[in-house]
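Let's take a stroll through this model, one piece at a time. Keep the picture open while you read.

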Amino acid sequence: MNLKVLSLALLLAGVSTAHAAEGELSIGTEGAYPPWSMADAAGNVTGFDADVGNLLCTKLAMKCRFVVQAFDGLIPALKAKRFDVIVSGMSITQDRKKEIDFSVGYAELANMFLVPKTSDLAGIKDIDALLKGLDGKTIGVQTGTTHAHFIEKRVPSANLKTYDTLDNMQIDLASGRVEAAFADASALQDFLAKPEGKDFQFVDVKVQSKFDSTLGEGIGVGIAKENTELKAKIDTALCELVADGSIGKSSQKWFKMDISRSCN
Amino acid sequence: MLTTPVADKAWEFAAELRANLMDASLILVWQGGWIRAILQGAAITIAVGTVSMIAGALIGTLCGVIKWARIFPLTLVVDAYTSLVRGVPELLIIYLLFFSSVQFVTQVATAFGYAALADSGYAFIIAIVAIGTISGAYSTEVIRGALASIPPGHIEAARALGIPGRRIFRRIIIPQMLRIAIPGMNNVWQTTIKDTALVSVVGLQELMRTASVGAGSTRNPLIFYLIAAAVYFAITLISQAGFDRIERLVGLRSRK
Amino acid sequence: MDMEFLETSMPFLLRGLSTTAALTAISVAIGFNLGLGLALMRLSENRFLAGFAKYYSLVFRGTPLLVQLFLFYYGLGQIGFIKSNAITWWVISDGARCAVMAMALNTAAYTSEILRGGLLSIPAGLKEAAKAAGMSSFLRFRRIEFPLAIRQALPAYGNELILVVKGTSLASTITVLEITGYAKRLMSQTFAIFEVFALAGAIYLVINLTLVMLIRLLEGHLMRHEAR
């Protein structure tokens, strides 16, 4: 029927047509979180997540196929089998573990606050003073992240603004709509390097994941619950990759520091 | 030069606006990649809009007939459908479909034989299902209204002449319905094409999302959203002109 | 969906109700008056006014509300002039206020079309009779044209009101916490996607059905002279 032909043509026209073959690992990633995960106008993914993904694929002798997806939609999409795994700087948390499985943690986030240099938070060096100082302030975070849950739990009096993308959050930070932004330091570095970042700085307090359970237990690869075989393979592969330093090297390249975390 | 303080401010504002846009345009020109991306996004927008509109028109015709002919209990189902779509924000419907009914989508795609494509065309399919569903509800009302405006005398006369029911439908009802429905369908199309912008939230690389990505990436939202608005406006104007033409061709302006 | 979930989620979602209501009410209040002004401009004999109203209407009806929202929030927020002026910054800096502005401007365009239709549908004879009776144009407008136009336009305007309510859900994309915003937040906490959005949808349905009933009541009241 003509309708079928038309819809087929439109589907093909609008979309990349890599078909799911055997020996292929499809990886869901955000594509809008530099330097972890960046997608260019053509849809090619680069960044630390892309490197980790590619390293895994080589180790597992499979072909990599990246699927770009909004961050808060990654877990539902994984459960719906849109892709096999999630590699997108996703922290392992109890809440998330109820929905999907995670590999062993392979990296550690350094969560920090970004504020204007003129802010009264700028000089704070200790976590308690920081939490007190954040009282009632307008804080920007990304929807569905551990950072969002941390602020909700630890600074309930704050005026929390959630953004779909890091970019939009940073645009609002630059224009003064939020007084502080909370996210992973490596992702926020990017902002400081840009011209609009020159009036901003980090608050010198690293909020480690062990400080509060909302911040999770390190970065892991998200895997669907029933995929136990794949999980075992990925766990072994990740441990090897951390041990032989490949993840550490990639981390140095993108973050200028080694955030890899050993398996045991 | 005007010298009142208000005019001064206005001048200052205009100058800054111009500086912003010129700066950004330079970036755009040098990195022509964005212009291409925007055009591709526009193509996807039109594709989603068109397919959804066609799907919606089919749904609308079916449901509109059901509602007009008052076929119980199907009428209740159709009523529930249109009330739901017209009463719940489109954004919610899109989020709902995107996050939950994936099995349904994969099944639909497989039924059409495109299982493999379903993986990569996922966002596109969700977009069409969502916008098509919404478009269908509005189309239903248009078709029902069109059917109701056919003078009942025509149908009575046809019956009196002994013309069989199906032929009445095909030769008398459908042609008139199609003609009367055109202005209404024009409105549905305009709404549909604008609703496609909402699909940007599920990540489909259509016009709005491309503009968003560009805005975030170059930190210049003003120029990107202005361009997006201009492209949508162009699509609207062109389709409006097209529909006007069709209306004239079909002789709607003339006395029936 | 269990009762416990319902008990915890509903209050959370209903927190957004006051914001949705406020967004709708203020946008409509501003937008209706603006739309009336635009309709009058369009019908005036001044070519400049009529042209401005026509193109205003075309532009705001020809582009998606989402684009308009982003343009005002992120686009205008980029311009230094806007940031330094206290008044404009007060409007633009907050997602809710910015959304109200964008929605007011948007609904004004649709309202102007609806009211224009209503005003044009008044039989010329009535207007001429009023003129002959010596009514000033303002009195004529207030006593004859406007009431008649409203009665004619009410069904279409009721539709527009519902569209405004639905439009408020888009404010969630620019950080505003109305019903949809709370729904998204709840979803990212509980992952109970279908349930959360079903609940949120139900709330909107109730709002819109109530609105439809109110409009019907108003219609009945205004048209009571036609009651049998």
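When two helices pack, the angle between them decides what we call the pair: under 35 degrees counts as roughly parallel, over 145 as roughly antiparallel, 65 to 115 as roughly perpendicular, and the rest as oblique. Hold on to that, as we'll use it for three helix pairs. One thing to say up front is that this is a predicted model. Its scores are ipTM 0.87 and pTM 0.83.

**Chain C and its helices**

Let's begin with chain C. What do you find if you count its helices and strands? Chain C has 10 helices and 0 strands, so to speak of its pattern along the sequence is to read α-α-α-α-α-α-α-α-α-α. Its C-alpha trace spans about 70 × 55 × 25 Å along the principal axes.

How sure is the predictor here? The average pLDDT of chain C is 89, and 99% of the residues score at least 70. Among the elements of chain C, helix 3 (residues 65-75) has the highest mean pLDDT, 94, while helix 4 (residues 80-84) has the lowest, 79.

Now for the helix pairs, two from chain C and one from chain B.

| Helix pair | Angle | Axis distance |
|---|---|---|
| Helix 1 and helix 6 of chain C | roughly 45° | within 5 Å |
| Helix 8 and helix 10 of chain C | about 165° | 10 Å |
| Helix 2 and helix 9 of chain B | about 135° | 9 Å |

Start with helix 1 (residues 3-43) and helix 6 (residues 95-120) of chain C, whose axes cross at roughly 45°. Which word fits helix 1 and helix 6 of chain C? These two helices of chain C are oblique to each other, because of that angle. Helix 1 of chain C passes helix 6 of chain C in a right-handed crossing. The contact of helix 1 with helix 6 of chain C has 18 nonpolar, 7 polar and 2 charged residues.

Next come helix 8 (residues 137-168) and helix 10 of chain C, packed at about 165°. Helix 8 and helix 10 of chain C are therefore roughly antiparallel to each other. The crossing of helix 8 of chain C past helix 10 of chain C is right-handed. Want to find the contact in the picture? On helix 8 of chain C, look for residues including C:Arg151, C:Leu154 and C:Gly158; on helix 10 of chain C, look for residues including C:Ile207, C:Asn208 and C:Leu211. By class, the contact of helix 8 with helix 10 of chain C splits into 10 nonpolar, 2 polar and 2 charged residues.

**Chain B**

In chain B, helix 2 (residues 33-69) packs with helix 9 (residues 165-195) at an angle of about 135°. Helix 2 and helix 9 of chain B are therefore oblique to each other. Helix 2 of chain B passes helix 9 of chain B in a right-handed crossing. B:Gly49, B:Ser52, B:Met53 and B:Gly56 of helix 2 of chain B meet B:Trp189, B:Thr192 and B:Ile193 of helix 9 of chain B. That contact of helix 2 with helix 9 of chain B has 3 nonpolar, 4 polar and no charged residues.

Confidence in chain B averages a pLDDT of 81, with 82% of the residues scoring at least 70. Among the elements of chain B, helix 11 (residues 221-249) has the highest mean pLDDT, 91, and helix 6 (residues 115-120) the lowest, 45. Over residues 114-120 of chain B, pLDDT stays under 50, though the model has 19 contacts beyond four places in sequence for them. Where pLDDT is low, the predicted coordinates should not be read in detail.

**Where the chains meet**

How many residues does each chain bring to the contact of chain C with chain B? Chain C gives 28 residues and chain B gives 31 residues. On the side of chain C that touches chain B, helix 2 (47-62), helix 3, helix 4 and helix 10 (193-222) of chain C each give two or more residues. Helix 10 of chain C gives the most, with 9 residues. That side of chain C divides into 17 nonpolar, 10 polar and 1 charged.

Chain C also touches chain A, in a contact that takes 13 residues from chain A and 11 residues from chain C. Helix 3 (74-79), strand 10 (159-163) and helix 7 (166-175) of chain A each supply at least two residues of the side that touches chain C. The largest share, 3 residues, comes from strand 10 of chain A. By class, this side of chain A has 4 nonpolar, 5 polar and 4 charged residues.

**Inside chain A**

The domain assignment of chain A gives domain 1 (22-107 + 218-255) and domain 2 (111-215). Taken over C-alpha atoms, the centres of domain 1 and domain 2 of chain A are separated by 25 Å. In the contact between them, 14 residues of domain 1 of chain A touch 16 residues of domain 2 of chain A. The domain 1 side divides into 8 nonpolar, 5 polar and 1 charged.

Notes. Residues numbered from 1 in each chain as written. Chains lettered and ligands numbered in written order. Predicted model: local features only at pLDDT ≥ 70, side-chain atom pairs only at ≥ 80, totals over all residues. Contact = placed C-beta atoms within 7 Å. Helix = DSSP H or I, 4+ residues; strand = E, 2+ residues; numbered from the N terminus. Nonpolar A, V, L, I, M, F, W, Y, C, P; charged D, E, K, R; others polar. pLDDT = per-residue confidence, 0-100. Domains from an automatic or database assignment. Axes fitted to C-alpha atoms, helices over the stretch in contact; angles between N-to-C directions. Left-handed = near helix turned anticlockwise from the far one by under 90°.
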